[in-house]
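Hi everyone, thanks for making time for this. I'd like to walk you through a structure that is probably new to most of you, so let's put it up on the screen.

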Amino acid sequence: MKFRLFNTQTRTKETVRGEKGKAFGIYCCGPTVYGPAHIGNFRTYVVQDTVVRLLKLLQISFQYIRNITDVDDKTIRNSIAQQQTLSDYVKPWIEKFHNDCKRLNLLPPTAEPRATETIEAQQELIQTLINKGHAYVRDGSVYFRIASFENYGRLSHLDNRVLQTQALNSAGRSNDADEYDREQVADFVLWKAYKPTDGDVFWESPWGRGRPGWHIECSAMSHLYLGQTVDLHTGGVDLCFPHHENEIAQSEAAYGAPFVRQWLHIAHLQVEGQKMSKSLGNLLTLDDLQARGYSPSSVRYALLSGHYRQTLNFTFDLMRSAQSALRKINIYTHALLSQSGINEETFEKRTENTVLPEKRTFLGDFFEALLDDLNVPKALGCLFTFMHQNPSPSKVQTGSLLGEWCAALYALGIEYEELDTDMPTVEIPNDIRALAEQRWAAKQARQFQEADRLRQILTENGWNILDRKDDYVLEPLKGKMPADI
Ligand SMILES: [Zn+2]
């Protein structure tokens, strides 16, 4: 089965393929650790995680590298303000990030290099660029000479004039423009000369004391772990320019080989139709959502539910549907386990070690949608249609369905949670219970028309009925949800 992803550079869907005899190399731009990551950041990481899960299901061996930016203007400024060393300052934020990743069930990367731990590799790369005439030194800082790299701007599809304006704007924003004497305003910094405001954060270098710029770390780390060409490079769409454009320029100018085979960019996230920002007070973190009663698994589900190339409007309605959808999947899994007689532990182990079954009798369209440029909305549609059409899988089905079901849950990163612990306690009214009993009796008596009629009445009253081997489960179509903010 082919796995295709949309390549930002060629603007076409391309089959994911690496080099023969080499593990597939993925590089993801990771977090800058000066505070908790917000759900916009996590949308990117959850989508990346799905790619990795699909590679695993397809039995493609991979090297998955995600860096940590632990030195930049913000981390230095905050550590000095809090009178801490840089490493003491970033430590709890790195731990927090790892903890959040775990709660969202994100698979850990193969390696997670940090900017401060790879200074030597970054300096070597800068020296190579100077030697080849692609970089120059000014007052202890080193700049990349954009005019020396012909293909600059090919990823973001912007012409040179627009790039110059954008560079000017971004330089203006960071107050960087007056500090350095660049040949051209679009030239970006590779090594920043030491300033007194950097406190004790500096490294010695052939160009004097200073610290690396942000862009160089990704070029150096990807080379260190994945070699000259990365098979798949991903990140949020806001990184496309200038960050990824600069990574291409640095790596290709230094090594003379194509830097990336395929680029994957994840679209923005909005909250209730608005851009997420500190000033609007709508920067949501995992903790914020958990405090309002939403589990990390439902956050993950909500973040995944839209197509990754479209802006996701994150709303509390979306969270409620995510919770309800997860509950349905959970109830179905529970029924499947009861039917097949395997316990939760065996199911979890099987899910962790699952591969894509060769024969896909039940969920073929689900996997097809996922492998066609991660069409999660379509895949979820297929999954729910399947559950709707097969409300109580027969014993004959469960054997082969179980393999496909494990693979589906693995792909989406959904962990089975034992019923009841996850379920809100909802009282079932007596008349509803009586109707359900009548329906069960009709079904047992093989009066299927009557059973269907009673099921219809239950649905109209807001109740869903799920048949199991010897009994049934009643669940509200819309459960009791925590109040909105
Ligand atoms: Zn990067």
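Let's start with a pair of residues: Ala-135 stands opposite Phe-144 in strand 6. Please keep in mind as we go that this is a predicted model. The strands involved here are strand 5 and strand 6, which pair in the antiparallel sense over four bridges.

Now zoom out a little. In which order do the strands of this open sheet come? The order is 5-6-7-8, four strands with antiparallel pairing. At the edges you find strand 5, residues 135-138, and strand 8, residues 210-212. Each of these two has a single partner strand, so one side of each is left without a neighbour in the sheet. Neighbouring strands in this sheet are turned against each other by 20 degrees on average, ignoring direction.

If you follow the chain onward from strand 6 (141-144), you enter the loop that leads to helix 5 (160-173), and Ala-147 lies in that loop. Is Ala-147 buried, exposed or partly exposed? It has 13 other C-beta atoms within 10 Å, so Ala-147 counts as partly exposed. The C-alpha atoms of Ala-147 and Asn-7 are separated by 26 Å, and these two residues are 140 residues apart along the chain.

Asn-7 takes us to a hairpin. Strand 1, residues 4-7, pairs with strand 2, residues 12-15, over four bridges and in the antiparallel sense. Asn-7 has Thr-12 of strand 2 as its bridge partner. Four residues sit between the strands of this hairpin, and Arg-11 takes a positive phi there, near 55 degrees.

While we're on backbone angles, here are some more for you to look up. The loop between helix 12 (364-371) and helix 13 (376-389) contains Asp-373, and Leu-374 has its place in that loop too. Asp-373 is not a glycine, yet its phi is positive, about 60 degrees. Leu-374 also has a positive phi, near 50 degrees, in a residue other than glycine. What about their surroundings? Asp-373 is partly exposed, with 18 other C-beta atoms within 10 Å, whereas Leu-374, with 25 such atoms, is buried. The cut-off for buried is 20 or more, so that explains the two labels.

There is a peptide bond to point out as well: the one from Phe-241 to Pro-242 is cis, with omega near 0 degrees. Pro-242 is found in helix 7, which covers residues 240-255.

Next, some helix packing. Helix 15 (residues 430-444) packs against helix 16 (residues 448-460) at an angle of about 160 degrees, and their axes are 8 Å apart. That angle makes the two helices, 15 and 16, roughly antiparallel. The crossing of helix 15 past helix 16 is left-handed. Helix 15 contributes residues including Ile-432, Leu-435 and Ala-442 to the contact, while helix 16 brings, among them, Phe-448, Leu-454 and Leu-458. By type, the contact residues divide into nine nonpolar, one polar and four charged.

Finally, the overall view. The protein's secondary structure comes to 16 helices and 15 strands. Its C-alpha trace spans about 90 × 50 × 40 Å along the principal axes. Out of 485 residues, 41% count as buried. And of the contacts with a separation of 6 or more, 74% are between residues 24 or more positions apart.

Thanks for listening, and I'm happy to go back to any view you like.

Conventions: Residues are numbered from 1 along each chain as its sequence is written. This is a predicted model: local features need pLDDT of at least 70, side-chain atom pairs count only at pLDDT 80 or more; totals for chains, interfaces and linings use all residues. A residue is buried if 20 or more other C-beta atoms lie within 10 Å of its own, exposed if 12 or fewer, and partly exposed in between; C-beta atoms are placed from the backbone. Two strands pair if DSSP finds at least two bridges between them. Axes are lines fitted to C-alpha atoms, for helices over the stretch in contact, and angles run from 0 to 180 degrees between N-to-C directions. Angles under 35 degrees count as roughly parallel, over 145 as roughly antiparallel, 65 to 115 as roughly perpendicular and the rest as oblique. A crossing is left-handed if the near helix is turned anticlockwise from the far one by less than a right angle, and right-handed if clockwise. Two residues are in contact if their C-beta atoms, placed from the backbone, lie within 7 Å. Ala, Val, Leu, Ile, Met, Phe, Trp, Tyr, Cys and Pro count as nonpolar, Asp, Glu, Lys and Arg as charged, and the others, Gly among them, as polar.
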